[in-house]
Amino acid sequence: MRLRTGPIVTRIRSELPAIAQALGTVYREHIIEAPDTFADFHVRVAHPAGLRRWLKPQVVFEFDGAPPFLPLPAEQAFAILEWGLNWCISANCHHYLVIHAAVVERSGRALLLPAPPGSGKSTLCAGLVNRDWRLLSDELALLDPLSGSVVPLARPVSLKNASIEVIRRFAPGAVLSATVHDTLKGSVAHMKPPGEAVRRALEPARPRWVVMPRYQAGAAAQLRPLSRGSAFMQLAESAFNYPVFGRQGFELLASTVEACDCYEFTYGELESAVGILAELAAEK
Amino acid sequence: MRWRIATADKLNWRRFGEEIVVRSEHTGSTHHLDSLAAELLHTLLTAEAALSADELAVRLAGEQEPPPELSPSIEATLLEFRRLGIAEPSD
């Protein structure tokens with residue numbers, strides 16, 4: 001199949017039932033392009049050759065016929081596909097500045113949430129998109145150097161460990177893939193993106209806020225202003241291909257933070273966190 | 001010793017209030033400068049000629065007499081700029 005996620009078309013091949021089932025669950029509203037549509041990436045998830053097909057079976061992700069990373073247990077087939085798709089973009093999409101960040105939109109304005117793993121970024125993103133924010137991406141913000149806008153991907157939101165149950169309670173109507181345990185990241189599930197996000201996946205948005213989230217159990221939700229210089233440096237450090245862009249990347253990030261209000265954000269409970277960010281969006 | 005920006009056409013910079021972010025095309029590194037370092041860089045970027053630490057101190061102090069510790073702080077910062085490839089001695 002040729003799966004469209006925003007501007008990117010990926011040809012996905014797999015004979016694994018788990019892949020078909022997961023795609024049918026969390027990608028069921030996405031556009032499947034015709035077989036003769038140009039594909040940006042060609043990937044495959046399959047059992048590796050040899051004994052690992054049957055003995056403690058594994059799966060391997062292939063990009064253009066070659067595996068960029070090691071196989072994983074077969075139960076992690078969909079997870080390896082999602083991680084592989086992330087790798088495809090971060091390693092190859094150099095027509096965008098690719099920032100490790102969640103990004104959501106409200107009223108045409110994008111909220112960038114750059115943060116390292118474990119910061120609560122994806123949980124917060126999942127919460128926001130279940131409360132009137134549009135999902136652009138939970139993991140990779142694609143910043144277009146020509147327009148300065150963020151281009152959506154609208155792919156499933158990756159949830160880990162305790163966040164899975166948090167989102168099940170926060171959004172009982174959300175559709176989640178089956179939970180896979182014992183991955184390198186612990187237990188993992190993927191939340192189907194809201195239908196509106198998928199339907200509007202070709203609508204970019206101009207950045208208006210840069211918010212660095214940090215989950216801290218028991219903490220009250222609090223926004224603290226962050227200097228633009230500090231925000232710039234954190235965005236640069238979070239951008240996979242900032243060195244590739246050179247001066248253009250520098251100018252792009254500088255213009256981005258100039259146009260944004262920047263904050264650090266600590267939160268311990270999702271409902272109040274979402275409320276604080278709704279107030280932020282309502283201010284201006 | 002007088003100092004100047006090292007290859008000014010190879011420095012990308014942007015000022016945000018009292019901060020400056022600067023990238024050297026020579027090294028590819030990006031740096032975040034605030035307070036004294038930012039003012040120092042901005043002064044060098046806009047200067048017509050190379051300046052000594054004492055001359056920079058006078059400019060940064062404005063109408064006030066430069067405090068005695070300012071020149072040594074500037075010298076230390078200029079040495080750091082040199083290490084980062086941002087500034088260089090002109091003589």
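Here a colleague asks a modeller how the labels on this predicted model were reached.

Colleague: Let's start with Val257(A). What makes Val257(A) count as buried or exposed?

Modeller: You count neighbours. Val257(A) has 26 other C-beta atoms within 10 Å. The mark for buried is 20 or more, so Val257(A) is buried.

Colleague: Where is Val257(A), and which residues does it touch?

Modeller: Val257(A) is part of helix H8 of chain A. Leaving out residues up to four places away in sequence, Val257(A) touches Val210(A), Arg228(A), Ala231(A), Phe232(A), Leu235(A) and Cys262(A). Among these, Arg228(A), Ala231(A), Phe232(A) and Leu235(A) are buried residues of H6(A).

Colleague: How do you know whether H6(A) is enclosed by the rest of the structure?

Modeller: Same kind of count, taken along the helix. In H6(A), 8 of the 11 residues are buried, so the helix is largely enclosed by the rest of the structure. Gly229(A), Ser230(A), Gln234(A) and Ala236(A) are also among the buried ones.

Colleague: And Met233(A), in that helix? Why is it called partly exposed?

Modeller: Met233(A) has 18 C-beta neighbours inside 10 Å. Buried needs 20 or more and exposed needs 12 or fewer, so with 18 neighbours Met233(A) counts as partly exposed. Setting aside residues up to four places away in sequence, Met233(A) touches Val21(B) and His32(B). Its C-alpha atom is separated by 9.1 Å from that of Leu253(A), 20 residues apart along the chain.

Colleague: Those contacts are in chain B. How many residues of each chain are in contact?

Modeller: On chain A there are 13, and they are in contact with 11 residues of chain B. Helices H6 (228-238) and H8 (247-258) of chain A are the elements giving two or more residues to the chain A side. H6(A) has the largest share, 6 residues. By class, that side of chain A has 6 nonpolar, 4 polar and 3 charged residues.

Colleague: On to H9(A). How do you know that its length agrees with what a helix should span?

Modeller: Helix H9 of chain A has 14 residues, 270-283. The rule takes 1.5 Å times one less than the number of residues. That gives an expected 20 Å, and the end C-alpha atoms are 20 Å apart, so the two agree.

Colleague: Which residues of H9(A) are buried? And what makes you say they line one face?

Modeller: The buried ones are Leu270(A), Ala273(A), Val274(A) and Leu277(A). Looking down the axis of H9(A), they fall within an arc of 95 degrees, so they line one face of the helix. The face turned away from them carries the exposed residues Glu271(A), Glu279(A), Ala282(A) and Glu283(A). The cover over the buried residues includes strand S8 (109-114), helix H3 (121-129), helix H4 (162-170) and strand S17 (261-267) of chain A.

Colleague: What does the largest nonpolar core look like?

Modeller: That core has 110 residues, and Val103(A), Val104(A) and Leu113(A) have the most contacts inside it. Helix H2 (77-92) of chain A gives the most to the core, with 9 residues. Domain 1 (1-92) and domain 2 (97-284) of chain A each provide at least three residues. As for Val103(A), beyond its neighbours within four places in sequence, its contacts include Leu113(A), Leu136(A), Ala141(A) and Val150(A).

Colleague: How do you know that the two domains touch?

Modeller: By counting contacts again: 16 residues of domain 1 of chain A are in contact with 22 residues of domain 2 of chain A. Helix H1 (17-26) and H2 of chain A each supply at least two residues on the domain 1 side, and H2(A) has the largest share there, 6 residues. The C-alpha centres of the two domains lie 24 Å apart.

Colleague: Last one. Why are Asp64(A) and Ser35(B) called exposed?

Modeller: The limit for exposed is 12 or fewer neighbours. Asp64(A) has 10 C-beta neighbours inside 10 Å, so it counts as exposed. Ser35(B) has 9, so Ser35(B) counts as exposed too. Asp64(A) sits in the loop between strands S5 (58-63) and S6 (72-73) of chain A, while Ser35(B) is in helix H1 (35-46) of chain B. Neither is a glycine, yet phi is positive: about 55 degrees for Asp64(A) and about 45 degrees for Ser35(B).

Notes
Residues are numbered from 1 along each chain as its sequence is written. Chains are lettered from A and ligands numbered from 1 in the order in which they are written. This is a predicted model: local features need pLDDT of at least 70, side-chain atom pairs count only at pLDDT 80 or more; totals for chains, interfaces and linings use all residues. Helices (H or I, at least four residues) and strands (E, at least two) are DSSP runs, numbered from the N terminus. The arc is that of the directions from the helix axis to the C-beta atoms. Two residues are in contact if their C-beta atoms, placed from the backbone, lie within 7 Å. Ala, Val, Leu, Ile, Met, Phe, Trp, Tyr, Cys and Pro count as nonpolar, Asp, Glu, Lys and Arg as charged, and the others, Gly among them, as polar. A nonpolar core is a set of buried Ala, Val, Leu, Ile, Met, Phe, Trp, Tyr and Cys residues joined through C-beta atoms within 7 Å. Domain bounds come from an automatic or database domain assignment.
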